[in-house]
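I opened the notebook with a short list of things to look up, and I am jotting them down as I go. Feel free to follow along in your own viewer.

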Amino acid sequence: MTRATARPVDPTGARRGLGLGELRLGDGFWGSRQRTNATATLRHCYDWMERLGWLANFDAVASGRTGADRPGWQFSDSEVYKLLEAAAWHLGGTPDPDAEELFSALVDRIAAAQDDDGYLNTCFGHGSQPERYSDLSMGHELYCTGHLLQAAVARLRTRGDDRLVQIARRAADHVCREFGPDGRDGICGHPEIEVALAEFGRATGEPAYIEQARLFIERRGRGTLAPVALLGPDYFQDDTPVREAAVWRGHAVRALYLAAGALDVAVEVGDEGLRDAVERQWTRSVERRTYLTGGMGSRHQDEGFGDDWELPQDRAYCETCAGIASIMVSWRLLLATGEVRYADLIERTMYNVVATSPSADGRAFFYANPLHQRTAGADVRPDAVNPRAEGGVRAPWFDVSCCPTNVARTLASWQTYAAFVDASGDTEALVVAQYAAGGIDVALAAGSLRCDVSTAYPDDGSVRITVNEAPDAPVTLRLRVPHWAHGAELTAPGGRARIVEPGWAEVTAAFAPGDVIALSLPTAPRLTWPDDRVDAARGTVAVERGPLVLCAESTDLPAGAGIGDIALLPGAVPRADRDGAVVSAVLRRPLPPREGGPPFGPEEPVRADRDPVDLRLVPYHRWAERGPATMRVFLPLG
């Protein structure tokens, strides 16, 4: 693998994702966010971790000064490793002396803290700290090691076997000795080591790492983790073996990281039963436990999935990290199966979870992503840690700050989730699953294919692919027609526009320089209705535009009106307005409360007065950018 073809996920099989250098992002929705990530977010995360002493934890271990007053949660090391991964992907595609200096400084401090046997953790095993692996349920030691390995994968595939890779190899060897067949029969309370070991095994060519990942997968579900107050074994996915589980449950990020690791193992060892289990879990979880935004996780108390159809809008947790983990699973399933539904969910989650979290300047973030904000959040201080994950305002940093670094590594490698080469058919295909302005330069078996992609997506549904260089032999270009894009049109070189249905649209030809393939996706605003079994959304409707979920924000309401006073007129048809929509609605003037009792009674209430209004809706990913506000996605009919 070269720097150009470097990618986070490289499974055995007929499909391979495009690498950092094979899909170039230009100006546009994702290109601008990736640049902000590189110029602002990386340094922002580094500065906060330095300020809070999370980086100094490594210095303390190296110098033998570790004590009981170590700052940060037990998993703070993982944030350093995710930042390393983000920097590695960024440096793999763009020369950047400042990022190179940041990366090298981090590696120096991490290397100095590694024990002689490869163990690397700043919270356990040194001085007066608890012993190694003395708290597998909540200690997160293996979780942290997993993020170290994923950073090393990024570095190995972009720069080769360097110091970070050697650190990670020693750490992985330690894990295999400690938890292998002749070692501890244990698992980590927070899955992550599984997906990391599998990918590190692919990157290094060392099958022992994949085998250790398999062992961890098979051990889970036997109830071996020590219980934690108010949290049962399902919180850790330790209640049911992975291959027997019907649906994702418990802590959402844990469940999704585990699923990604299980699928990696299944693909590498040819375990069809395990692969089928992950597909089954994805299907039911998406059908019954996933929000319109692609967000996952209904409950705050355990950051977890709820029961089927339990999707409260105002209490939705929808952690940003869970959205990223969902993309990790769906991308692996897409490469394993080629099924378009996985690409559809990736798009939904990218635009409405990943893009929602960071502020426009890349220095503040949402941790939780509710679909209904009843009270405007209090503005946060730019120099203070936010102790709350939910607050209605993007915060510069959190007491538990897993989301900023997770966003950073995802945006740094965004293009590696956008397209892939499919060699499973008679003709090799370049498959474009996500649309962004830029260019593609990929080596196919028949020769090089280079093209420019012109689009203002998602604001506009026109996508034009211009061929600059192509093999002499026929190749297939396969384009995704999103599930919502009924009436889309595809124009092939020398042909007339034809209607294409949602799914994959193909053009097979011996392309010539100058050929243009045009896809026109209808992006008019549309109404989206909830399943009637989602009782928290019954009697409401949402508005979407292309891949974007729209929302009403109090900023756009008449003076004195509240977000709870809005109702859409039955039969209203939303109209395009800038990057959002306008829809006919009414403002319901609140009635006085019942006197002397609760807000319930035997008499039907008199209907409130209603004033017609044109209601402006904005993309959900932009909510609260104009200041603290109330907001809702699903709107009642009135």
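Below are my entries on a surface patch, a helix residue and some strand pairing.

Entry one, a reminder to myself: this model is predicted.

Entry two, the surface. I looked for a nonpolar patch and found one of about 280 Å², made by L527, W529 and L637. I then asked where W529 is found. My note says that W529 is in the loop between β14 (526-528) and β15 (540-545). Is W529 buried or exposed? I put W529 down as exposed, because its relative accessibility is 52% and the cut-off for exposed is over 50%.

Entry three, a helix. I went to D264, which has its place in helix α9 (residues 252-269). I count D264 as buried, because its relative accessibility is 2% and buried means under 20%. Which residues does D264 touch, leaving aside those up to four places away in sequence? I listed V195, A198, E199, R202 and R332.

Entry four, the strands. I followed β20 (residues 610-619) and saw that β16 (residues 548-553) pairs with it in the antiparallel sense, over two bridges. On that side I noted C551 standing opposite V618 of β20. Next I checked β19 (residues 580-588), which also pairs with β20 in the antiparallel sense, here over eight bridges. For A581 I wrote down L617 as the bridge partner in β20. A general reminder for the margin: side chains in a regular strand alternate between the two faces of the sheet.

Definitions and conventions. Residues are numbered from 1 along each chain as its sequence is written. This is a predicted model: local features need pLDDT of at least 70, side-chain atom pairs count only at pLDDT 80 or more; totals for chains, interfaces and linings use all residues. Side-chain values use heavy atoms; hydrogens and water are left out. Patches are made of residues with over 30% relative accessible area and no salt bridge: like charges are joined within 9 Å, nonpolar side chains (Val, Leu, Ile, Met, Phe, Trp, Tyr) within 5 Å. Accessible areas come from the Shrake-Rupley method with a 1.4 Å probe; for residues, only the protein chains shown count as cover. A salt bridge is a side-chain nitrogen of Lys or Arg within 4 Å of a carboxyl oxygen of Asp or Glu. Buried means under 20% relative accessible area, exposed over 50%, partly exposed in between (1.4 Å probe, protein chains only). Contact means heavy atoms within 4.5 Å. Two strands pair if DSSP finds at least two bridges between them.
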